[in-house]
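Student: I should like to work through this protein model with you, one question at a time. Shall we begin once it is displayed?

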Amino acid sequence: MVLHCSTSVLARHVQEFHSDLVPALRMIVQNFTSSHEDKMLVQLILMNVCKTIGLIYSYVPTEQIEDLITTLLLILNCQSFPSIQVDAAGKICALVSSVPVDDNGATITKLEANASLLISALSTVFGSVSGGTEEADPTLRLYDLAAISEVIRIKMMKRRCTMLAISRHFRHPDPKTRRKALSLCREYLDHPEVSNSFSTGMFVENALVETLAESAAKETDPEIQFTAVSLLRKITTMQVFPSASIMATIKDLAYSGHSDRVVVECGATYCEGMQKEPFPTKEDLSTVVGFTGFPFAEVRSKALATIESFITKSETVDLLIKETDLF
């Protein structure tokens, strides 16, 4: 009946019968998941319970939200139905984000205990990012999940699949989502395990780097573009050798960025990256020399420092003399 009510009728019925309806949903899930052998029927029941909770939670008193979350956690733990797990995980995030929950409460503790399941369910689904809604792309709920607690957010930073899912939002139509995605990317890069993987040359998230570079090049919002290129600079600083995709992107943006801040960040980053380049080409050297004429002091300073590093290497000093107007 709940699934077919009009909004006004649904609100009235839920407000009148919530004390019976909420525990009944939990009992249905417990009964069907513990003993019933017909998997198709169980799947249908769990799917409809998820739909019902999605329809009624905004009309349920705050004190019963925890009961609904408990029911959804039971569904989340049903490993036989991945798509329903995704739905349950998204509904849990929706409930927590819509209703203030005490950070020290039992609900947060329960969610932290189930963090791995929640993260996996939302990270491994590949919906369309063009839809712009959680229904079209459940991975958008990862931002609600990250906001629940620091414990959960730290666990997210250890999951490669999570960051690859989030990287798909660097080009999301909603600027707020792009900012959130870049913010979590920064936290990911700051994680000690990730930092160590750079220093040892073991960082393997090339897809993340490529996507970030592409999004920076195509970004139209100056502030978001600056955030993206600042992350590229951070990656370049941590890399043993500069990434070709990053160097190509920041070189272009040094001449075409949407703000002076972007131009300065890209010019400085390119020069820093070139200091790590073991075999710079004559085009690389010419680009660095060209930056000495930029109207920004930081870029000129970085360019001169890079040229100084080139002079100390016999193979690059010859190129500087032959291929540039520096001498």
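Student: Which residues make the nonpolar surface patch of about 220 Å²?

Tutor: The model is a predicted one, and membership of such a patch requires over 30% relative accessible area. Met 47, in helix H2 (residues 39-56), has a relative accessibility of 32% and therefore counts as partly exposed. The patch is made by Leu 41, Leu 44 and Met 47.

Student: How many helices and how many strands does the protein chain have?

Tutor: Among the helices are H2 (residues 39-56) and H17 (residues 297-311). The count for the protein chain is 18 helices and zero strands.

Student: In which helix is confidence lowest, and in which is it highest?

Tutor: The protein chain averages a pLDDT of 83, and 82% of the residues score at least 70. Values under 50 occur over residues 1-5 and also over residues 126-132. Among the helices, the lowest mean, 60, belongs to H18 (residues 314-323), and the highest, 95, to H15 (residues 260-274).

Student: Which residues touch the most other members of the largest nonpolar core?

Tutor: Of the 327 residues of the protein chain, 47% count as buried, and the largest nonpolar core has 91 residues. One of its highly connected members, Leu 189, has contacts beyond four places in sequence that include Phe 198, Leu 231, Ile 235 and Met 238. The residues asked for are Leu 68, Ile 75, Ile 92, Leu 111, Leu 145, Met 156 and Leu 189.

Student: Is Pro 242 buried or exposed?

Tutor: Pro 242 lies in the loop between helix H13 (222-238) and helix H14 (244-256). Beyond four places in sequence, Pro 242 touches Met 247, Gly 273, Lys 276 and Glu 277. Its relative accessibility is 12%, and buried means under 20%, so Pro 242 is buried.

Student: What distance separates the C-alpha atoms of Asn 114 and Leu 76?

Tutor: Asn 114 is in the loop between helix H5 (106-113) and helix H6 (115-123), and counts as buried at 15% relative accessibility. Leaving out residues up to four places away, Asn 114 touches Leu 73, Leu 76 and Asn 77. Although Asn 114 and Leu 76 are 38 residues apart along the chain, their C-alpha atoms are separated by 8.8 Å.

Student: Which residue forms a salt bridge with Lys 234?

Tutor: The structure holds 14 salt bridges. In the one formed by Lys 234, the closest N and O atoms are 2.7 Å apart, and the partner is Asp 190. Lys 234 lies in helix H13 and its partner in helix H10 (residues 175-190), so the pair ties together parts 44 residues apart in sequence. Lys 234 is partly exposed at 24% relative accessibility, as is, at 42%, its partner Asp 190.

Student: How far apart in sequence are the parts tied together by Arg 261 and Glu 223?

Tutor: These two residues form a salt bridge whose closest N and O atoms are 3.0 Å apart. Arg 261 lies in helix H15 and Glu 223 in helix H13, so the parts tied together are separated in sequence by 38 residues.

Student: Which residues are linked with Glu 272 and Lys 302 in a network of salt bridges?

Tutor: Lys 302 forms a salt bridge with Glu 272, the closest N and O atoms being 2.9 Å apart. This pair links helix H17 (residues 297-311) to helix H15. Glu 272 counts as buried at 16% relative accessibility, whereas Lys 302, at 25%, is partly exposed. The network links these two with Arg 233, Glu 265 and Glu 298.

Key. Residues numbered from 1 in each chain as written. Predicted model: local features only at pLDDT ≥ 70, side-chain atom pairs only at ≥ 80, totals over all residues. Heavy atoms only, no water. pLDDT = per-residue confidence, 0-100. Helix = DSSP H or I, 4+ residues; strand = E, 2+ residues; numbered from the N terminus. Contact = heavy atoms within 4.5 Å. Buried < 20%, exposed > 50% of the residue type's maximum accessible area, 1.4 Å probe, protein only. Core = buried A, V, L, I, M, F, W, Y, C linked by side-chain atoms within 4.5 Å. Patch = residues over 30% accessible without salt bridge, like charges linked within 9 Å, V, L, I, M, F, W, Y side chains within 5 Å. Areas by Shrake-Rupley, 256 points an atom, 1.4 Å probe, with all protein chains shown as cover. Salt bridge = Lys/Arg side-chain N within 4 Å of Asp/Glu carboxyl O.
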